[in-house]
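Colleague: Please take a close look at the pockets of this model for me. I want to know what lines them and what sits in them.

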Amino acid sequence: MKGELKIPNHVAIIMDGNGRWAKARGKNRSFGHLEGSKSLEKIALYAMSRGVKILSVFAFSTDNFKRSESEVNYLMDLFINMFTKKMNKIIANDIKVVFSGRKENLRLDVLDAMNIIVDKTKNNQSGILNICLNYGGQEEIVDAVNNIVKLVKENKLSVDDIDKNTFYKYLYQNLGPIDLLIRTSGEYRISNFMMYQSSYSEFYFTDVLFPDFNEEEFDKAIISFNNRDRRYGNAK
Ligand code: IPE
Ligand code: IPE
Ligand code: MG
C-alpha cells in the first residue's frame with residue numbers, strides 16, 4: 001500500500017460471524033471461534049504494524065451469556081488459552097493488553113488469565129490492544145456514572161469537572177474516541193459496543209466473516225477510511 005495513507009489512531013472491530021463461518025463448513029460453532037481467535041492475533045499485529053496505536057476488539061458481550069452453556073464455556077476456555085499460552089507475538093511486539101468490561105460473572109480462572117496477560121504486557125509501549133470481554137456499551141456508561149456519583153459524594157470530584165472530554169476518564173479504559181469502527185459478517189448494527197467512544201467514528205461494514213478477515217481486508221477498511229470526509233458538524 002502507498003505510504004501517504006492516513007492511519008486511524010484508534011480502530012475498533014466487532015469481530016462477528018465465527019458461527020456462520022463454521023456452519024458453512026459443516027463444523028460446530030466452536031471451530032469458528034478458534035479460527036476467529038487466530039484472525040484476531042494476526043489482525044492486531046498487522047494493525048499495529050500499519051501504525052494503528054489502539055485496537056479495541058469486541059470479544060464477548062454481556063449479552064453473549066444468553067448463549068448455550070457449552071458455547072460460553074468453550075469461549076472462556078479459549079480466552080484462557082489465548083491469554084496464558086498464545087499471544088506471544090503480541091507480547092514480543094511491545095503491545096500492551098488491557099480489558100474493558102465487567103468483572104462480575106466471569107469465572108475466576110478467566111480473571112486470572114486476564115491478569116496474567118495484563119501483567120506480562122504492562123510496560124509495553126508500541127500499541128494498545130483493548131479486549132472487550134463481558135462488555136456492554138450501555139453498562140460502561142452506567143458504570144462510569146455510578147463511579148462519578150460515588151466520587152462526588154465522597155467530595156473527591158466536583159460535578160463542574162465533568163464534561164464530554166473528562167468523562168472518558170471514568171470509562172473502563174481511557175482510550176479516547178474511535179476513529180474507525182469495523183464490523184464483519186454483514187450485520188449493520190453496533191450490538192451495544194462502544195457507544196460513547198464511537199460518536200464520530202467512521203463505520204466500515206463488510207460481509208466478510210471474521211475468520212476470513214485478513215490483512216487485505218483490513219487494508220480495504222483503511223482505504224475506505226481515507227476516502228471519508230470527517231466534518232464533525234462543520235460546514236465546508
Ligand atoms: C462473533 O461470532 C464472536 C462472538 C460473539 C463471541 P458469532 O459467534 O456471533 O458468529 P455468528 O454471528 O453467529 O455467525
Ligand atoms: C456482537 O456480536 C458481540 C461480539 C462480536 C463479541 P453478536 O453476534 O453477539 O451480536 P448480535 O447478536 O448479532 O447483535
Ligand atoms: Mg454474531
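**Pockets and ligands**

Modeller: Start with the second largest pocket, whose lining is made of Lys164, Asn165, Tyr168, Pro177, Ile178, Asp179, Tyr196, Gln197, Ser199, Tyr200, Arg230 and Tyr232. Keep in mind that this is a predicted model. The second largest pocket holds about 220 Å³ of space. Its lining splits into six nonpolar, three polar and three charged residues. Tyr168, Tyr196, Tyr200 and Tyr232 are among the lining residues. Lys164, Asp179 and Arg230 belong to the lining too.

Now the largest pocket. About 570 Å³ of space lies there. Its lining has 29 residues. Nearest its centre are Met15, Asp16, Ala59, Asn64 and Arg67. By class, the lining has 13 nonpolar, nine polar and seven charged residues. At least two lining residues come from each of α1, α2, β2 and α3 (69-84).

Ligand 1 first. The space that ligand 1 takes is the largest pocket. Two or more residues of the shell around ligand 1 come from each of α1 (18-23) and α2 (29-49). The biggest contribution is from α1, with three residues. The full shell is Met15, Asp16, Gly17, Asn18, Gly19, Arg20, Arg29, His33, Ala59, Asn64, Arg67 and Leu75. Sorted by class, that shell has three nonpolar, five polar and four charged residues.

Next, the polar contacts of ligand 1. Asp16 uses its side chain: a polar atom there lies 2.8 Å from an oxygen atom of ligand 1. Gly19 uses its backbone, with an N or O atom 2.9 Å from an oxygen atom of the ligand. Arg20 also takes part through its backbone, where a polar atom is 2.7 Å from an oxygen atom of ligand 1. On its own, ligand 1 has 380 Å² of accessible area, and the protein covers 86% of that.

Then ligand 2. Ligand 2 sits in the largest pocket as well. Around ligand 2 are Ile14, Met15, Asp16, Phe58, Ala59, Phe60, Asn64, Arg67, Arg183, Arg189 and Ser191. Strand β2 (residues 54-61) gives the largest share of this shell, three residues. The classes here are five nonpolar, two polar and four charged residues.

Asp16 comes up again. An N or O atom in the side chain of Asp16 is 3.2 Å from an oxygen atom of ligand 2. Asn64 has a side-chain N or O atom 2.9 Å from an oxygen atom of ligand 2. For Arg67, a polar side-chain atom lies 3.3 Å from an oxygen atom of this ligand. The protein covers 77% of the 390 Å² of accessible area that ligand 2 has on its own.

Put the pieces together. Met15, Asp16, Ala59, Asn64 and Arg67 are nearest the centre of the largest pocket. Those residues are found in the shell around ligand 1. They are found in the shell around ligand 2 too. The side chain of Asp16 has a polar atom 2.8 Å from an oxygen atom of ligand 1, and an N or O atom 3.2 Å from an oxygen atom of ligand 2. Away from that centre group, Gly17, Asn18 and Gly19 are among the residues around ligand 1. Around ligand 2, the list includes Arg183, Arg189 and Ser191.

Terms used. Residues numbered from 1 in each chain as written. Chains lettered and ligands numbered in written order. Predicted model: local features only at pLDDT ≥ 70, side-chain atom pairs only at ≥ 80, totals over all residues. Heavy atoms only, no water. Near = heavy atom within 4 Å. Polar contact = N/O pair within 3.5 Å; in protein donor to acceptor, adjacent residues only side chain to side chain. Areas by Shrake-Rupley, 256 points an atom, 1.4 Å probe, with all protein chains shown as cover. 1 Å grid on protein atoms, 1.4 Å probe; cavity = no way out; pocket = protein on both sides within 12 Å on 5 of 7 lines; lining within 4 Å. Sits in = over half its atoms within 2 Å of the grid points. Helix = DSSP H or I, 4+ residues; strand = E, 2+ residues; numbered from the N terminus. Nonpolar A, V, L, I, M, F, W, Y, C, P; charged D, E, K, R; others polar. Points joined across faces, edges and corners; volume = space filled by probe spheres on them.
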